[in-house]
Amino acid sequence: MLLLDGDLVLSSSSGGTGSSAASRTGGSGRELVAALLESPRIRDAADRLKATPERRISAGQEAAPRHVYVFQREYATVDPARVELVGTDEATTCIGVVIRNNKTGMTSVSHMDFPKIVEGGIKQMLELLSDDNAPFDVHLIGGFADASTEVVRSSGKKHIKQEGYSYPLCCKIVEVLHKSQQQFHLRSFCVLENNTKTDSFGNALPIIGGFVVETSSGIVIPATFDMDSRCPDEVVRRIRVSVSYYDPTWQGRLLETYDTQCDVFQIAPACWMPDWADIASSLNQLSDSEVLLQCSTSPAAEPPHFVENERRIWKYLINNPDWEETFPKHKPRVFHRTSDGSWSSKYTSTCCRSAILFGVSIFSFEN
């Protein structure tokens, strides 16, 4: 059940908030989102978050805090005894979800991109949190009013439909949380209209595209990460996002990378066909504007390094057409944290997941 200041969140038709247990399953995601966007308490919380100075996370900083970075479609659950910060960035139409156990400080962060992974993804996030049935704090951050206008026909009549990517994703997240038996105290709802600004050309843009959670306190701060702090194994993990859309072993699931108990990253094998190198070479010939139009769900909202990241992925595939060279003997890539907080790689004899070969398209939209 989804709670706001201790009250159960209801559908807009039921008055916004209240205590009726029956409303836990009565409100659709659309009704819940409408009620939350109308809440002054929600708007005030979003305004406070947007007014918080953005923190830049850099791996090169002296005495840099130990952190875990989450890419698109990934999640990580961290122990405050091992990790000081956990977060994500580069979100446009995606939504970052934070679930934190206030008793233990255990914190799970995910970078959700499509509605179909929400239900299974939240179950994954809760696996290491639900040991004492404690109420959880929840933050939803990211996504914006990216609705595109579409003319649809129903009963012979024309209707204007505005959906975009962020709105259906947000509806699914709040619906799944609200229908759960677990108590989720909503602390931040900085999404959709609460997270939208307009540039000089009239394009809608997200205000906050990244954040970190201070695991000891649960405080959430807007943040960006430099390239060296999006580690370990940045490029391979980006490629794995593309592969996961077509691999049935990951359908309806978030990508697992971080081992909470051991403070280790294990990147399960991701496989691509040899012709991906040819496709990557062709894509790399596109102009920057063409890359944005073909490879993003929100071309006008992407950060300046988006095209550079795409080209680094393509160059890796061009130079490494055989995925088995990246994952020798089909084993995961394993990274251990060193004493200075950086990451050291080595292979393990235990394979996390069998690799399955697919002929897939390299066009996976980034959010």
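Start with the whole chain: 52% of its 367 residues are buried. Keep in mind that this is a predicted model. Colour by secondary structure and you get 10 helices and 22 strands. Switch to a surface and the chain exposes about 16100 Å², with carbon and sulfur atoms supplying 49% of that area. If you like contact maps, take the contacts between residues at least 6 apart in sequence: 70% of them join residues at least 24 apart.

**Stop one: the loop before α6**

Select the loop between β17 (220–225) and α6, where you'll find methionine 227. Its relative accessible area is 35%, so methionine 227 is partly exposed. Now show serine 58 as well: the two are 169 residues apart in sequence, yet their C-alpha atoms sit 8.1 Å apart in space. Which residues does methionine 227 touch, leaving aside neighbours within four places in sequence? They are Glu234, Glu308 and Arg312.

Stay in this loop and move along to proline 232. Check omega between cysteine 231 and proline 232: at about 5 degrees, the peptide bond there is cis. Then pick aspartate 233, also in the loop between β17 and α6. Its phi is near 60 degrees, a positive value in a residue other than glycine. Why stop for backbone angles like these? Because most residues other than glycine have a negative phi, and most peptide bonds are trans. As for cover, aspartate 233 has a relative accessible area of 13%, so it counts as buried.

**Stop two: α6 and α9**

Next, select residues 234–244, which is helix α6. How many of its residues are buried? The count is 11 of 11. Charged side chains are part of that list: Glu234, Arg237, Arg238 and Arg240 are among the buried residues, and so are Val235, Val236 and Ile239.

Add helix α9, residues 306–319, and look at how the two axes run: they come within 10 Å and cross at roughly 90 degrees. That makes α6 and α9 roughly perpendicular to each other. To see the contact itself, show Glu234, Val235, Val236, Arg238 and Ile239 on the α6 side, with Asn309, Arg312, Ile313, Tyr316 and Leu317 on the α9 side. Coloured by class, this contact has six nonpolar, one polar and three charged residues.

**Stop three: α2 and α5**

Now for another crossing. Select helix α2 (residues 29–37) and helix α5 (residues 166–179): the axes are 8 Å apart and the packing angle is about 95 degrees. This pair is therefore roughly perpendicular too. From α2, bring up Gly29, Arg30, Leu32, Val33 and Leu36; from α5, Tyr167, Cys170, Cys171, Val174, Glu175 and His178. The class tally for this contact is seven nonpolar, two polar and two charged residues.

**Stop four: the cysteines**

Hunting for disulfides? How many does the structure hold? Zero. Take cysteine 171, for example: the nearest cysteine sulfur belongs to cysteine 170 and is 6.1 Å away, while a disulfide needs the sulfur atoms within 2.5 Å. Cysteine 171 counts as buried, at 7% relative accessibility. Cysteine 190 is buried as well, at 0%.

**Last stop: histidine 330**

Finish in the loop between α10 (323–326) and β21 (333–337), where histidine 330 lies. Here is another positive phi outside glycine: histidine 330 has a value of about 60 degrees. Its relative accessibility is 30%, so histidine 330 counts as partly exposed.

Notes
Residues are numbered from 1 along each chain as its sequence is written. This is a predicted model: local features need pLDDT of at least 70, side-chain atom pairs count only at pLDDT 80 or more; totals for chains, interfaces and linings use all residues. Side-chain values use heavy atoms; hydrogens and water are left out. Buried means under 20% relative accessible area, exposed over 50%, partly exposed in between (1.4 Å probe, protein chains only). Helices (H or I, at least four residues) and strands (E, at least two) are DSSP runs, numbered from the N terminus. Axes are lines fitted to C-alpha atoms, for helices over the stretch in contact, and angles run from 0 to 180 degrees between N-to-C directions. Angles under 35 degrees count as roughly parallel, over 145 as roughly antiparallel, 65 to 115 as roughly perpendicular and the rest as oblique. Contact means heavy atoms within 4.5 Å. Ala, Val, Leu, Ile, Met, Phe, Trp, Tyr, Cys and Pro count as nonpolar, Asp, Glu, Lys and Arg as charged, and the others, Gly among them, as polar. Accessible areas come from the Shrake-Rupley method with a 1.4 Å probe; for residues, only the protein chains shown count as cover.
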